[in-house]
Structure formats: structure tokens, C-alpha cells
Amino acid sequence: MNRSVAALESSPALVLNADFRPLSYYPLSLWSWQDAVKAVFLDRVNIVSEYDQQVSSPNFKMRLPSVVSLKTYVKPALFPAFTRFNVFLRDRFTCQYCGVQSDLTFDHVIPRSRGGQTRWDNVVAACSPCNLAKGGEMPEVIGMLPMQAPYRPTVFELHRNGRLFPPNYLHESWLDYLYWDSELEP
Ligand SMILES: [Zn+2]
């Protein structure tokens, strides 16, 4: 290998479905360069775009893929994974009690100590002060009801919010595949 480990570690490939849309938005479907190269050799993907970086060994040399597309279409999931990031994205990174957009935590509307579960319909984004103020009280008792009742969003709904909060790192070769439909918004 003729590249530094650090440079290689930061070269993930965006994975597109066979229809050239990302396999998943939330989280964004990214593979490590190792997985991407392996999939190329297993003939499971086509290389759509490449980084300038190369890997080489005595037997082969190739530029690292920056975008790959699956050869076989996979039916996309209707509902996104239940993750902290996706809860924040549903709530637009806004505390559901006071509206601030900083110091966010994960709040159980019905506290766990009172049987509240860790599910889409019982968890909201809340800033630390609100989370602390609410403590283990029931929302009606302490008068703290979330602005929007928590619910399980569809991938489409997260995608709509996701345009407002793009990921920190996007390689230029990915942009055509991530926001190709944003122009259609009024
Ligand atoms: Zn708050």
C-alpha cells in the first residue's frame, strides 16, 4: 500500500442503489474503502466515481471508488433506523420544550422510571436544562409537553428535514446523488 493509513481511512465510498439513489440516507450509506474495493472485486457494484488516491500492491493498482452503485436493486426501507441522530433530525435539532438548538439530549417524554419506553413515540430532542428541569416527572404534572408529539417518521420525512442539516463531510462526487431532487421543491 502506497498511501498513508490516515488518507485511506478518510476515503469512504457513497453506496447507491441500482437506481442511483443512495441506498440509505439516514444514516447515509457509506462503506469503508476496503469494503468498497472488496465489492468491486466480487462484482457486486459498479464504480461510478473515483478519488485521486490509489491503492497498489505487487499485483494490482486502482483508484479508490468514491461512489459505487449496486448491480442488484434493493428495496429501500420505508422507515429509518431509530437512532439518536434520526430523532434529532425528526425534531430539526430543536429542543421540543423551549425551542433552542444547542446542548441537545435525548429525553423520554414519559420517564423511564414511570415505564416510558425508548421508542420513536416516547423520545424527543431536549436541551440539557429542559431535560434536567423535567427530571422524572410526568409531562402533564410538570407542565412540559413537547411542541410536537413524538412519532415514527418515514425516510421521506427525514429526507425533507435532512436538506436543512446536511452532514459535515460530503465529498464533491457525492453531491449529484444526494440533492438531485432538491430543485423540485417550490
Ligand atoms: Zn429546552
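Trainee: P150 lies in the loop between α5 (139-142) and α6 (155-162). How do you decide whether P150 counts as buried or exposed?

Mentor: Bear in mind that this is a predicted model. P150 has 20 C-beta neighbours inside 10 Å, and buried takes 20 or more, so P150 counts as buried.

Trainee: Which residues is P150 in contact with, leaving aside its neighbours within four places in sequence?

Mentor: There's a run from W120 through D121, N122 and V123 to V124, plus V109. Each of them has its C-beta within 7 Å of that of P150, because that is what a contact requires. P129 makes another marker: its C-alpha is 20 Å from that of P150, with the two positions 21 residues apart along the chain.

Trainee: Now the loop between α3 (84-90) and β5 (104-108), where R92 is found. What is unusual about the phi of R92?

Mentor: Phi of R92 is positive, about 55°, and R92 is not a glycine. D103 is in the loop between α3 and β5 too, and its phi is near 55°, again positive in a residue other than glycine.

Trainee: Why do R92 and D103 get the labels they do?

Mentor: R92 has 13 C-beta neighbours inside 10 Å. Exposed means 12 or fewer and buried means 20 or more, with partly exposed in between, so R92 is partly exposed. D103 has 12 such neighbours, which meets the limit for exposed, so D103 counts as exposed.

Trainee: On to the sheet. What makes β2 (30-31) and β3 (45-56) edge strands?

Mentor: The order of the four strands is β2-β1-β4-β3, in an open sheet with mixed pairing. β2 and β3 each pair on one side only, and that is what makes them edge strands.

Trainee: How do you know that β1 and β4 pair, and in which sense do they run?

Mentor: Pairing takes at least two bridges. Strand β1 (residues 13-16) has three bridges to strand β4 (residues 61-70), so they pair, and they run parallel. L16 has S69 in β4 as its bridge partner.

Trainee: How many bridges hold β3 to β4, and what sense does that pairing have?

Mentor: Eight, in the antiparallel sense. N46 stands opposite S69 of β4, and a hairpin of four residues leads from β3 to β4.

Trainee: Which strands does helix α2 (residues 33-41) touch?

Mentor: Helix α2 packs on the sheet and touches β1, β2, β3 and β4, with its direction at about 85° to that of β4.

Trainee: Which parts of the chain make up domain 1 and domain 2?

Mentor: Domain 1 takes 5-75 + 162-184, and domain 2 takes 84-142. Their C-alpha centres are 34 Å apart, and the contact involves five residues from each domain. On the side of domain 1 that touches domain 2, four are nonpolar, one is polar and none is charged.

Trainee: Where in the chain is confidence lowest, and where is it highest?

Mentor: Helix α1 (residues 5-9) is lowest with a mean of 59, and strand β6 (residues 123-127) is highest at 97. The chain averages a pLDDT of 88, and 91% of the residues score at least 70.

Trainee: What about residues 181-186?

Mentor: Their pLDDT stays under 50, and the model gives them one contact beyond four places in sequence. Where pLDDT is low, the predicted coordinates should not be read in detail.

Terms used. Residues are numbered from 1 along each chain as its sequence is written. This is a predicted model: local features need pLDDT of at least 70, side-chain atom pairs count only at pLDDT 80 or more; totals for chains, interfaces and linings use all residues. Domain bounds come from an automatic or database domain assignment. Two residues are in contact if their C-beta atoms, placed from the backbone, lie within 7 Å. Ala, Val, Leu, Ile, Met, Phe, Trp, Tyr, Cys and Pro count as nonpolar, Asp, Glu, Lys and Arg as charged, and the others, Gly among them, as polar. Helices (H or I, at least four residues) and strands (E, at least two) are DSSP runs, numbered from the N terminus. Axes are lines fitted to C-alpha atoms, for helices over the stretch in contact, and angles run from 0 to 180 degrees between N-to-C directions. pLDDT is the predictor's confidence in each residue, from 0 to 100.
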